[in-house]
Amino acid sequence: MRRAAFTYPQRTTPLPMNPTVSTLTLDRRDEALDLADRAFDNTPRDYFERHQSADPAWDVSQSLVVEDGGALIGHLWIADRTMRYGEARVRFGGIADVGVDPAHRGQGHAGRLLDAAVERMQADGQPLSLLSTGTPEVYAGRGWHAMPTAQLEGEFPGGDIEWAGGYVVRPFETADLPAVMGIYSDIAADRVGPLDRSEAYWQALMDWLPRVTPESTVYFDVLVQVRTVVAYAITELSDDQMTILDGGIQYENLAIPLLNVWRARAAERGVSRLTGELHPASELFDLLRKRADATLKPTRHYMVRLNSLRGALESVVPELIRRRRRMAPLPGPPFALNVAGEAARIETPMANVVIGDPVGNEPVVELTGGQFLDLYLGAPGGYEALDALDIPPHVDVYLRRLFPNSPFMYWNADRF
Ligand SMILES: CC(C)(COP(=O)(O)OP(=O)(O)OC[C@H]1O[C@@H](n2cnc3c(N)ncnc32)[C@H](O)[C@@H]1OP(=O)(O)O)[C@@H](O)C(=O)NCCC(=O)NCCS
């Protein structure tokens, strides 16, 4: 029997040194982009570059990196975005382009980046964080909570799609932007979740969207009636499906000419499946339900994190005042919310809402971060949480009036 000579195992990769998280600097940006490119199989480097640089609020210091033994092995970008919340606006950190070098996975590097990101967002006054992911497990243990949205499932109809003439569908031109922005604002006015999009952000969106999946084609169409832009839509066509990324359509009949154009385009590529994420109460969904047999199924790939209870409440005071005016004009009982260890007092004197520090022996409503986010963002889980608690009835009624159920909405066009 031959016996193998004993040799010490040869180390082919250097021992992990001391992974450190730091802020990315311009001189190492190329390295960070190369890393993102290595980490994601199907997304081109060019997309990461444009997605970040084209964003009007971008700064290289928004990226955090893990360095080990002199090399960058992990990256995360905190996009600085603002969410519409009816009349109010809430700043949030959009967690994007999270990637760890394939050779260094499973060693807690993503976790390190996320911990550092939470600290950074709290220091920077971003009371919420938002992301979209296929691997919620990575974020769930660090306080991110799935927020339900609605995914459209439909098929383009056969036969004639009847519609009144007088409308023309044509590609978007720069001069259309003010009209498009006006339509977007009208639709988002009462909703919770859509981004606050500046003119520069719109331009950035058009720059990076076509680069996400180069095999797909992104179309930005406007619907024109007597030289006036009356609707718009951003769609993405692949070999499998057409996805509505954003639909600025306020009346059902305006969707019909667009549906015709989409169908013809999809047919040329042999596609009949129609999808996207839509608000259940949108006119566009109403039309697709009738004309394209469309249904909505729940999806949970958006995740939200509460970074600061106080910040989240203070940001939305203008909208809370508006809701009071509509639904609860008389002064309500003061009470405190206690959410994952952070407390805030809500006082509702005449025509106002005041957020402050808890005092004395007023009622305290205890919620987990996820339960509060459901309530705050209008998801059904919020009322389910209240149902299970023993809250003084007058406080319970007031809480429900301040935070009505109103489906959270987010356009795929803003994804990161
Ligand atoms: C996802 C990714 C960033 C994870 O990086 P990582 O350094 O291996 O992750 P960590 O070791 O820090 O693990 C963090 C947590 O996520 C979990 N996790 C990591 N990868 C996971 C996976 N693919 N599926 C499920 N859970 C996973 C870990 O178990 C750990 O959970 P815990 O904190 O509850 O213990 C990395 O696999 C990657 O770069 N993937 C390709 C790009 C990508 O998909 N990015 C995410 C886009 S949203």
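This is a short talk on the domains, the ligand shell, the core and a few individual residues of one structure. Please keep in mind throughout that what we are looking at is a predicted model.

Let me start with the overall division of the chain. The protein chain is split into three parts, with domain 1 covering 20-143, domain 2 covering 151-298 and domain 3 covering 308-402. If we take the centres of domain 1 and domain 2 over their C-alpha atoms, those centres lie 29 Å apart. Where these two domains meet, 16 residues of domain 1 are in contact with 17 residues of domain 2. On the domain 1 side of that meeting, the elements that give two or more residues are helix 2, at 45-53, and strand 3, at 71-85, and strand 3 makes the largest contribution, with 5 residues. Sorted by class, this side of domain 1 holds 6 nonpolar, 4 polar and 6 charged residues.

Now to the ligand. There are 17 residues surrounding the ligand, and the closest of them are R105, A110, G111, E137 and G141. If you are following on the structure, the elements that each supply at least two residues of this shell are strand 4 (88-100), helix 3 (109-123) and helix 4 (137-140). In its make-up the shell has 6 nonpolar, 9 polar and 2 charged residues.

Helix 3 also carries a residue I would like to stop at, namely L113. Is L113 buried or exposed? L113 is buried, because 22 other C-beta atoms lie within 10 Å, and the cut-off for calling a residue buried is 20 or more. Leaving aside its neighbours within four places in sequence, L113 is in contact with V21, L64, V66, G74, L76 and V98. By way of a distant pair, L113 and D357 are 244 residues apart in sequence, and their C-alpha atoms are 31 Å apart in space.

That brings us to the interior. The largest nonpolar core contains 107 residues, and among these M147 and V304 touch the most other members. Strand 3, which we met a moment ago on the side of domain 1 that touches domain 2, gives the largest share of this core, 7 residues. As for M147, once its neighbours within four places in sequence are set aside, its contacts are Y302, M303, V304, L373, L377, A379 and F408.

One of those contacts, L373, belongs to helix 11 and is buried there, so let me turn to that helix. Helix 11 runs over residues 369-376, and 7 of its 8 residues are buried, which means that the helix is largely enclosed by the rest of the structure. The buried residues are G370, Q371, F372, L373, D374, L375 and Y376. Among the elements that cover them are strand 6 (145-155), strand 13 (295-306), helix 9 (309-315), strand 14 (335-339), strand 17 (364-367) and helix 12 (380-387). After helix 11 comes G378, and the phi of G378 is positive, near 80°.

Helix 6 makes a useful second example. It spans residues 199-212, which is 14 residues, and it reaches 21 Å from its first C-alpha to its last, close to the 20 Å expected at 1.5 Å a residue. Its buried residues are A204, L205, W208 and L209. An α-helix has 3.6 residues a turn, so residues three or four places apart point the same way. In helix 6, the buried residues pack against helix 2, strand 9 (217-225) and strand 11 (241-248).

I will finish with three residues in loops. G69 sits in the loop between strand 2 (63-68) and strand 3, and G69 counts as exposed because it has 12 C-beta neighbours inside 10 Å. G69 and P19 are 50 residues apart in sequence, while their C-alpha atoms are 7.7 Å apart in space.

The other two loop residues have positive phi values without being glycine. D293 has a phi of about 50°, and D293 lies in the loop between helix 8 (283-291) and strand 13. With 13 other C-beta atoms within 10 Å, D293 is partly exposed. A340 has a phi near 45°, and A340 is found in the loop between strand 14 and strand 15 (342-347). A340 is likewise partly exposed, with 14 other C-beta atoms within 10 Å.

Conventions: Residues are numbered from 1 along each chain as its sequence is written. This is a predicted model: local features need pLDDT of at least 70, side-chain atom pairs count only at pLDDT 80 or more; totals for chains, interfaces and linings use all residues. A residue is near a molecule or strand if its C-beta atom, placed from the backbone, lies within 6 Å of it. Helices (H or I, at least four residues) and strands (E, at least two) are DSSP runs, numbered from the N terminus. Ala, Val, Leu, Ile, Met, Phe, Trp, Tyr, Cys and Pro count as nonpolar, Asp, Glu, Lys and Arg as charged, and the others, Gly among them, as polar. Domain bounds come from an automatic or database domain assignment. Two residues are in contact if their C-beta atoms, placed from the backbone, lie within 7 Å. A nonpolar core is a set of buried Ala, Val, Leu, Ile, Met, Phe, Trp, Tyr and Cys residues joined through C-beta atoms within 7 Å. The expected span of a helix is 1.5 Å times one less than its number of residues.
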